[in-house]
Amino acid sequence: MTIEQEILTLRKEIEEHNFNYYNLDLPTISDFDFDLLLRKLIELESKNPEFFDANSPSQRVGGSITKKFNSVAHKNKMYSLDNAYSFEELEDWEKRISKIIENRPITYTCELKYDGVSISIEYKEGNLFQALTRGD
């Protein structure tokens, strides 16, 4: 298989996984395995820029936006760990965030991950008022 064929095959496979995950809500592989495929695609594309395609799944996020819910602005930005799987990747992420927030103090709130979910919950007077996801 040529490099170009490998890139095209990876793009197609990732698109299928994106469709299953975002449109059907039926993921067929773990987030970790998906991230490995995407990292491999990004690596191949960066080493072979002649095969660049603005429509590649490496150039955009997920699937289409659902119309099931209203859009609401978050009070505070929710940052992603960018698929950090090692302590070194976590340190790199912290350095990037520190630059974004102009070296202001960083406050962390961490909980166990529920696969595919990032949520901001607001309570008023002890009652659930609003729950927001990050993204779509």
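This section describes the packing of two helices and several individual residues in a predicted model.

The helix α1 covers residues 3-23 and α2 covers residues 31-47. For α1, which has 21 residues, a span of 30 Å is expected at 1.5 Å a residue, and the end C-alpha atoms lie 29 Å apart, in agreement with that value. The 17 residues of α2 reach 24 Å from the first C-alpha to the last, close to the expected 24 Å.

The axes of α1 and α2 come within 10 Å and cross at roughly 145 degrees, and the crossing is left-handed. On the α1 side, the contact is made by Ile3, Glu6, Ile7, Leu10, Arg11, Glu13, Ile14, His17, Asn18 and Tyr21. The α2 side contributes Asp31, Phe34, Leu37, Leu38, Lys40, Leu41, Leu44 and Glu45. Sorted by class, this contact of α1 with α2 comprises ten nonpolar, two polar and six charged residues.

Burial was assessed for each helix. In α1, the buried residues are Ile7, Leu10, Arg11, Ile14, His17, Asn18 and Asn20, and α2 is included in what covers them. In α2, Asp31, Phe34, Asp35, Leu37, Leu38, Leu41, Leu44 and Glu45 are buried; the buried residues of α2 pack against α1.

The largest nonpolar core of the model consists of eight residues, namely Ile7, Leu10, Ile14, Phe34, Leu37, Leu38, Leu41 and Leu44. Both α1 and α2 give two or more residues to this core, and the largest share, five residues, comes from α2. Within the core, Leu37 may be taken as an example. When neighbours within four places in sequence are left aside, Leu37 is in contact with Leu10, Glu13, Ile14, His17 and Ile29.

Asp35 is likewise placed in helix α2. Its relative accessibility is 8%, and because buried means under 20%, Asp35 counts as buried. Residues up to four places away in sequence being excluded, Asp35 touches Asn83 and Tyr85.

Two residues other than glycine adopt positive phi values, as follows for Asp25 and Glu125. Asp25 follows α1 and lies in the loop between α1 and α2, with phi near 55 degrees. At 62% relative accessibility, Asp25 is counted as exposed, since the threshold for exposure is over 50%. Glu125 is found in the loop between β1 (119-124) and β2, and its phi is positive, at about 50 degrees. The relative accessible area of Glu125 is 84%, so this residue is exposed.

The segment after β2 (127-133) contains Arg134. With a relative accessible area of 36%, Arg134 is partly exposed, because this value falls between the limits of 20% and 50%. Not counting residues up to four places away in sequence, Arg134 touches His74, Met78, Ser80 and Ser118. The C-alpha atom of Arg134 is separated by 8.7 Å from that of Tyr79, although the two residues are 55 residues apart along the chain.

Technical notes: Residues numbered from 1 in each chain as written. Predicted model: local features only at pLDDT ≥ 70, side-chain atom pairs only at ≥ 80, totals over all residues. Heavy atoms only, no water. Core = buried A, V, L, I, M, F, W, Y, C linked by side-chain atoms within 4.5 Å. Buried < 20%, exposed > 50% of the residue type's maximum accessible area, 1.4 Å probe, protein only. Helix = DSSP H or I, 4+ residues; strand = E, 2+ residues; numbered from the N terminus. Contact = heavy atoms within 4.5 Å. Expected span 1.5 Å × (residues − 1). Axes fitted to C-alpha atoms, helices over the stretch in contact; angles between N-to-C directions. Left-handed = near helix turned anticlockwise from the far one by under 90°. Nonpolar A, V, L, I, M, F, W, Y, C, P; charged D, E, K, R; others polar.
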